[in-house]
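Here is a short walk through one model, with the charged pairs up front and the helix packing after that. Have the structure open as you read.

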Amino acid sequence: MGRVRRNSSYKLAKVYDRRSRELPFNGEVAEIEVDDPLALDSGDRIVALRSIRNDPLGRLHSHHQIDEVQYRGGRAFQSDWERAERGPQAVDPTREYVDGARTREPVTESQRQAVLRLNRIERELGTDGAALVHDVLVLGLTMDQIGQRRAVRTQRWNDYFARRFRECLDRLALIYGFATEATGRRPESHR
């Protein structure tokens, strides 16, 4: 009777790929690594797909034209802008209708802080830098579209706008605390 040899190594469970296989016809996506929401251990990461179709900041990051710190600074600016803007407000059907007048909701502390940070950003970036950041991060314009809006349509101007935008992202990273002035690196608390 022969002895049956079994593989004594422990085989890991099958790793599941949770990425979508069916994308929209005109979809533009990039792979990113994110924290696994279903992980049993903290620090586990998975690969996910991020839509970059109407996201210039995401596109620049996925093509390695900006680094993680610049990306985080841009996202923090977008978050402050959305918080400060408050966006369109829906009608609350539970409130009593009185002559069509709506009472204005009070400004929250987080909205006030966002406005203060945006004011500081505008002072530090200057009028042109603040307009450039707004055009890209809020309006979603490309460098070519920015050049068209400013009536300068050469590649040299597009390169200038791209370089100036990256400088502004560096400044945003400093303002939001993702980088330090002396080293240009992220502080230990944000790693």
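## Salt bridges and a buried helix

Let's start with a charged pair: Asp 128 and Arg 150 join their side chains in a salt bridge, at 3.3 Å from N to O. This pair links distant parts of the chain, with Asp 128 in helix 3 and Arg 150 in the loop between helix 4 and helix 5, 22 residues apart. Keep in mind that this is a predicted model, so the distances here are computed from predicted coordinates.

Arg 150 has a second partner. Its side chain also meets that of Asp 135 in a salt bridge (3.5 Å, N to O). Because Asp 135 sits in helix 3 and Arg 150 in the loop between helix 4 and helix 5, this pair ties together parts that are 15 residues apart in sequence. Zoom out a little and you find a network of salt bridges linking Asp 128, Asp 135, Arg 149 and Arg 150.

How buried or exposed are the two aspartates? Asp 128 is partly exposed, with a relative accessible area of 36%, while Asp 135 counts as buried at 10% relative accessibility. Arg 150 is partly exposed, at 27%.

For a pair within one helix, look at helix 2. There the side chains of Arg 72 and Glu 68 meet in a salt bridge at 3.4 Å, N to O. Both residues lie in helix 2, four residues apart, or about one turn of the helix. The geometry suits that spacing: an α-helix has 3.6 residues a turn, so residues three or four places apart point the same way. Arg 72 is partly exposed at 29% relative accessibility, and Glu 68 is partly exposed too, at 32%.

Here are the three pairs side by side; the structure holds 11 salt bridges.

| Pair | N to O distance |
|---|---|
| Asp 128 and Arg 150 | 3.3 Å |
| Arg 72 and Glu 68 | 3.4 Å |
| Asp 135 and Arg 150 | 3.5 Å |

Now for helix 5. It covers residues 155-175, which makes 21 residues, and reaches 30 Å from its first C-alpha to its last, close to the 30 Å expected at 1.5 Å a residue. Its buried residues include Phe 161, Phe 165, Cys 168, Leu 169 and Leu 172, and also Asn 158 and Arg 164. What covers them? The cover for the buried residues of helix 5 includes helix 1 (56-62), helix 2 (68-85), helix 3 (109-137) and helix 4 (143-149). Just after helix 5, Gly 177 takes a positive phi of about 85°.

Gln 70 shows one of the links between helix 2 and helix 5. This residue lies in helix 2 and touches Arg 166, Leu 169 and Asp 170, leaving aside residues up to four places away in sequence. Gln 70 is buried, with a relative accessible area of 7%.

Finally, the whole chain. Which elements does it hold, and in what order? The secondary structure comes to five helices and two strands, running β-β-α-α-α-α-α from the N terminus on. Of its 191 residues, 27% count as buried. The accessible surface comes to about 14600 Å², with 50% of that belonging to carbon and sulfur atoms. Among contacts with a separation of 6 or more, residues 24 or more positions apart account for 47%.

Definitions and conventions
Residues numbered from 1 in each chain as written. Predicted model: local features only at pLDDT ≥ 70, side-chain atom pairs only at ≥ 80, totals over all residues. Heavy atoms only, no water. Expected span 1.5 Å × (residues − 1). Buried < 20%, exposed > 50% of the residue type's maximum accessible area, 1.4 Å probe, protein only. Contact = heavy atoms within 4.5 Å. Salt bridge = Lys/Arg side-chain N within 4 Å of Asp/Glu carboxyl O. Areas by Shrake-Rupley, 256 points an atom, 1.4 Å probe, with all protein chains shown as cover.
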